[in-house]
Amino acid sequence: GVDVGGLAGLDALITQTASSAAELLGRPEPSGLLQMETSQTAAPYGEPTDEAIGAIRLAAETEGLILDPVYSGRALAGLIRALADDSVPAGPVVFVHTGGMPALFTERYREWFAIQPFHSAEAEPQH
């Protein structure tokens with residue numbers, strides 16, 4: 001998982017919630033170790049980071065996937081960092097896009113999603 005800084009003690013909460021869910025379902029206590037990527041907690045919660053902006057642009061340009069700047073953008077940035085650090089176990093990787101669309105329409109993040117005008121030498125008027 002990727003901690004985006006929204007909740008202190010997230011790793012302990014996840015471990016406790018997994019145990020409680022297993023108990024409710026009559027399943028054995030989880031035995032694996034939680035792996036939490038924490039690089040995205042360095043900046044205050046919800047603040048722009050270069051890594052998140054880069055991840056948002058990458059997802060939009062390569063997959064047409066629109067991520068929000070609060071959760072999904074930082075989560076993908078954390079996944080990219082973990083892949084670069086080679087800390088993701090070998091095998092398939094699943095990125096869960098949890099939504100976050102309301103943040104896209106707030107004034108606070110308007111600049112993150114401003115469309116940059118296209119400029120090219122070919123588009124310049126001829127004199």
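Welcome to the tour. The count of aromatic pairs here comes to one, so let us begin there, keeping in mind that this is a predicted model.

**Stop 1: the aromatic pair.** Select Tyr45 and Tyr71. Their rings sit edge-to-face, with 5.9 Å from centre to centre and 65° between the planes. The pair links distant parts of the chain, 26 residues apart. Tyr45 belongs to the loop between helix 1 (10-24) and helix 2 (50-63), while Tyr71 belongs to the loop between helix 2 and helix 3 (72-84). Now switch on the surface. Tyr45 is partly exposed, with a relative accessibility of 34%, and Tyr71 is partly exposed too, at 41%.

**Stop 2: a loop residue, Gln40.** Next, select Gln40, which is found in the loop between helix 1 and helix 2. Is Gln40 buried or exposed? Gln40 counts as buried because its relative accessibility is 2%, under the 20% cut-off. Show what surrounds Gln40: beyond its neighbours within four places in sequence, Gln40 touches Val2, Asp3, Val4, Thr49, Glu51, Arg74, Ala77 and Gly78.

Zoom in on the side chain of Gln40. One polar contact, of 3.0 Å, runs to the side chain of Ser39. Another polar contact, also listed at 3.0 Å, reaches the side chain of Glu51. Try a distance label between the C-alpha atoms of Gln40 and Glu51: these residues are eleven apart along the chain, and the two atoms are 8.5 Å from each other.

**Stop 3: along helix 2.** Now select helix 2 as a whole. Its 14 residues span 19 Å from first C-alpha to last, close to the 20 Å expected at 1.5 Å a residue. Which residues of helix 2 are buried? They are Ala52, Ala55, Ile56 and Ala59. Turn the view to look down the axis: the buried residues of helix 2 fall within an arc of 100°, so they line one face of the helix. An α-helix has 3.6 residues a turn, so residues three or four places apart point the same way.

Helix 3 is part of what covers the buried residues of helix 2. Rotate to the face turned away from that buried side, and you will find the exposed residues Asp50 and Glu61. Just past the end of helix 2, pick Gly64, whose phi is positive, at about 70°.

**Stop 4: back to helix 1.** Finally, select Ser19 in helix 1. Ser19 is buried, with a relative accessible area of 18%. Apart from neighbours within four places in sequence, Ser19 is in contact with Glu29 and Pro30.

Conventions: Residues are numbered from 1 along each chain as its sequence is written. This is a predicted model: local features need pLDDT of at least 70, side-chain atom pairs count only at pLDDT 80 or more; totals for chains, interfaces and linings use all residues. Side-chain values use heavy atoms; hydrogens and water are left out. Rings of Phe, Tyr and Trp (its six-membered ring) pair if their centres lie within 6.5 Å; planes under 30 degrees apart count as stacked, over 60 as edge-to-face and the rest as tilted. Helices (H or I, at least four residues) and strands (E, at least two) are DSSP runs, numbered from the N terminus. Buried means under 20% relative accessible area, exposed over 50%, partly exposed in between (1.4 Å probe, protein chains only). Contact means heavy atoms within 4.5 Å. A polar contact is a pair of N or O atoms within 3.5 Å; within protein, one must be able to donate a hydrogen and the other to accept it, and residues adjacent in sequence count only if both atoms are side-chain atoms. The expected span of a helix is 1.5 Å times one less than its number of residues. The arc is that of the directions from the helix axis to the C-beta atoms.
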